[in-house]
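Here's a quick briefing to help you find your way around. Have the structure open as you read, and hop between the topics as you like.

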Amino acid sequence: MYQRERTIELPDMVAYAGATWDWHRLHYDADYLAGRGLTKPVVDGQVFGAYLAMALAEWFPGAVISELTFRFKSLVFAGETIRCVGSVAAETGGLLHVDLRVEVVEDGRVAVAPASATLKPPEPS
């Protein structure tokens with residue numbers, strides 16, 4: 001089993017918003033959040049795809065991700081630490097099929113599941 005943790009802080013979220021041009025107020029505006037009963041900015045859901053891709057690149061250096069799918073289960077807020085978890089479910093036709101999930105370290109809440117990826121490992125040199 002593979003694991004990778006990362007605390008998502010507001011500056012990370014603003015950098016991601018800048019890179020993707022997703023400036024929804026849910027991700028940074030305290031007044032907007034208070035009006036909806038939220039006390040902390042909500043992490044953009046698409047960032048979990050980026051964190052899963054980073055984890056896969058760390059766990060399987062040189063592999064090419066040909067497919068990545070995931071479903072959101074619960075909100076994650078600024079300042080929380082996430083843990084990306086993965087395990088190889090199968091190896092067929094030279095491809096690795098990896099089961100994935102993202103959980104919140106502080107309370108064990110599942111943020112993303114089910115999730116999976118298909119990778120092509122690098123050719124041996």
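R101 and E103 join their side chains in a salt bridge, with 2.9 Å from N to O. Keep in mind that this is a predicted model. R101 counts as partly exposed, at 31% relative accessibility, while E103 is buried, with a relative accessible area of 13%.

**Salt bridges**

- The R101 and E103 pair doesn't stand alone: E5, R83, R101 and E103 are linked in a network of salt bridges.
- Within that network, the side chains of E5 and R83 meet at 2.9 Å, again going from N to O.
- E5 sits in strand β1 (residues 2-7) and R83 in strand β3 (residues 81-92), so this salt bridge ties together parts that are 78 residues apart in sequence.
- E5 is partly exposed, with 46% relative accessibility, whereas R83 is buried, with a relative accessible area of 18%.
- Another salt bridge brings the side chains of E123 and K120 together, this time at 3.3 Å from N to O.
- E123 is exposed, at a relative accessible area of 61%, and its partner K120 is partly exposed, at 40%.
- How many salt bridges are there by this rule? The count comes to 9.

**Strands and hairpins**

- Strand β4 (residues 95-104) pairs with β3 in the antiparallel sense, over 10 bridges.
- To see that pairing at a single spot, look at V85, which stands opposite R101 in β4.
- β3 and β4 make a hairpin that has 2 residues between the strands. G93 in this hairpin takes a positive phi near 55°.
- β4 also pairs with strand β5 (residues 110-120), over 7 bridges and in the antiparallel sense.
- Here you can pick out D99, which stands opposite S116 in β5.
- β4 and β5 form a hairpin too, with 5 residues between them. In its turn, G108 has a positive phi of about 75°.

**The cavity**

- If you search the whole structure for cavities of 30 Å³ or more, 1 turns up. The volume of the largest cavity is about 80 Å³.
- Which helix gives the most to the lining of the largest cavity? That's α1, with 4 residues.
- α1 (10-20) and α3 (47-59) each supply at least two residues of this lining.
- Among the lining residues are D12, M13, Y16 and A17, along with V47 and Y51. I8, D22, H27, V43 and D44 belong to the lining as well.
- Sorted by character, the lining residues come out as 7 nonpolar, 1 polar and 3 charged.

**A loop aspartate**

- D29 is found in the loop between α1 and α2 (30-34).
- Is D29 buried or exposed? D29 is buried, because its relative accessible area of 18% falls under the 20% cut-off.
- What does the side chain of D29 reach? The side chain of D29 gets to the backbone nitrogen of D31, at 3.0 Å.

Terms used: Residues numbered from 1 in each chain as written. Predicted model: local features only at pLDDT ≥ 70, side-chain atom pairs only at ≥ 80, totals over all residues. Heavy atoms only, no water. 1 Å grid on protein atoms, 1.4 Å probe; cavity = no way out; pocket = protein on both sides within 12 Å on 5 of 7 lines; lining within 4 Å. Points joined across faces, edges and corners; volume = space filled by probe spheres on them. Nonpolar A, V, L, I, M, F, W, Y, C, P; charged D, E, K, R; others polar. Buried < 20%, exposed > 50% of the residue type's maximum accessible area, 1.4 Å probe, protein only. Polar contact = N/O pair within 3.5 Å; in protein donor to acceptor, adjacent residues only side chain to side chain. Salt bridge = Lys/Arg side-chain N within 4 Å of Asp/Glu carboxyl O. Pairing = 2+ DSSP bridges.
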